[in-house]
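These are my notes from going through one chain with its coordinates open. I kept to what I could look up and wrote each entry as I went.

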Amino acid sequence: MSDYERYGDYNRGEDEEPEGPPPHRFFHLLGKSLSILCIAIIVVVFAVIGFRLIVAGYSPREMKQLTHTDALTAYAAALGGDPYVETQEIRVPFESEYLEAESLETTHLAESQNGWFYADHLLLVRDAGALQCSLRMNSHAAEEIAAQYGVPDFAIAETAFRFTLIDNLGRTYRPSVVSTDSALWYRYYKLCFDGVDFEGVSWMRLEIEVAGADMTVAEHPVLVICVYENHETYATFKEYSLSRKERF
């Protein structure tokens, strides 16, 4: 080999490491496998998060559509067409312990939230006196409710709770229709109230009592969700468009 051909070797700096043998194939494959594994873990994590977000926002169709109760069907028949339906975003959709009347109009964060219930899909037909909403319930809540309310044989069913709608004027209403559904780890309730008087009402709250529990003791509080508001602080409503299957 001539001196000219060896010039590249002589030209290496003093601080440079001497050239060594190439890495073993095993370490090359190991590094590549670890890279693929890290990418797969990241993809799975984002997929799980996305799936949970989608499921959290999901409700069965019957739970969010307008239910044709007997009273509402009779009203539509007398009207000779579809009624005007409104909806409102429920400002504080989680249940809390009993809130005093004066605090319902000003509260933005409910107190002592258990995360058992989430109210949504509020539908109103004022002229017909109809109010409908849905509740989403975590499936694991059954064990917690059984323990907290002293009902060992508690099971989630249509008759597991007593629902009462009460307005700021003290008028109370019981649901004319209660239907249930389930999907994955959630249970859903659809509540329909008829004969509701909206005149002069600034709020309505849904009170939830556990059937079979002694609701007179302090350890068993009534759970409350303010599902309707129409006052100076909050009075935002918009028209709800009926789908083809919801039309009368």
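**Helix α2 and its surface**

I began with L37, which I found in helix α2, residues 25–56. The model is a predicted one, and I read every entry below with that in mind. L37 has 46% relative accessibility, so I put L37 down as partly exposed. Together with L34 and I41, L37 makes a nonpolar surface patch of about 270 Å².

**Whole chain**

I then looked up the totals. The chain has 6 helices and 11 strands. Of its 248 residues, 38% count as buried. The exposed area is about 14900 Å², and carbon and sulfur atoms supply 54% of that. For contacts between residues at least 6 apart in sequence, I noted that 68% join residues at least 24 apart.

**The six-stranded sheet**

Next I traced an open sheet of 6 strands and wrote down the order β7-β8-β4-β3-β1-β11, with antiparallel pairing. Its edge strands are β7 (177–183) and β11 (238–239), each of which pairs on one side only. At the β11 end I checked the neighbour, β1 (residues 86–88), and counted 2 bridges in the antiparallel sense between β1 and β11. E86 has E239 in β11 as its bridge partner.

E86 was worth a second look. Its relative accessible area is 13%, which is under the 20% limit, so E86 is buried. E86 also forms a salt bridge with R126, where the closest N and O atoms are 2.5 Å apart. R126 lies in the loop between β3 (117–125) and β4 (130–138), while E86 is in strand β1, so I recorded a link between distant parts of the chain, 40 residues apart. For R126 I noted 24% relative accessibility, which makes R126 partly exposed.

**Strands β5, β9 and β10**

I moved on to β9, residues 203–210. On one side, 7 bridges join β9 to β5 (residues 161–167), and the two run antiparallel. T164 has E207 of β9 as its bridge partner. β9 also pairs with β10 (residues 223–229), again in the antiparallel sense, over 6 bridges. Within that pairing, R205 stands opposite C226 of β10, and W203 has E229 of β10 as its bridge partner.

How many residues of β9 are buried? I counted 7 of the 8, so β9 is largely enclosed by the rest of the structure. For β10 the count is 7 of the 7, and β10 is therefore largely enclosed as well. C226 fits that count, being buried with a relative accessible area of 10%.

**Charged side chains**

The structure holds 7 salt bridges. Besides the R126 pair, I followed several others.

Which side chain does E229 meet in a salt bridge? The partner is R91, at 2.6 Å from N to O. E229 is in strand β10 and R91 is in the loop between β1 and β2 (96–97), a pairing of distant parts of the chain, 138 residues apart. I found both E229 and R91 buried.

R205 and E207 meet in a salt bridge too, at 2.9 Å from N to O. R205 is buried, with a relative accessible area of 5%. E207 is likewise buried, with 15%. I noted that these two residues also turned up in the strand pairings, R205 opposite C226 and E207 as partner of T164.

One group goes beyond a single pair: D167, R171 and D197 are linked in a network of salt bridges.

**Cysteines**

Last, I checked for disulfides and the count came to 0. C192 is in no disulfide, and its nearest cysteine sulfur, that of C133, is 8.5 Å away. The cut-off for a disulfide is 2.5 Å between sulfur atoms. Is C192 buried or exposed? With 0% relative accessibility, C192 counts as buried.

Technical notes
Residues numbered from 1 in each chain as written. Predicted model: local features only at pLDDT ≥ 70, side-chain atom pairs only at ≥ 80, totals over all residues. Heavy atoms only, no water. Pairing = 2+ DSSP bridges. Helix = DSSP H or I, 4+ residues; strand = E, 2+ residues; numbered from the N terminus. Buried < 20%, exposed > 50% of the residue type's maximum accessible area, 1.4 Å probe, protein only. Contact = heavy atoms within 4.5 Å. Areas by Shrake-Rupley, 256 points an atom, 1.4 Å probe, with all protein chains shown as cover. Patch = residues over 30% accessible without salt bridge, like charges linked within 9 Å, V, L, I, M, F, W, Y side chains within 5 Å. Salt bridge = Lys/Arg side-chain N within 4 Å of Asp/Glu carboxyl O.
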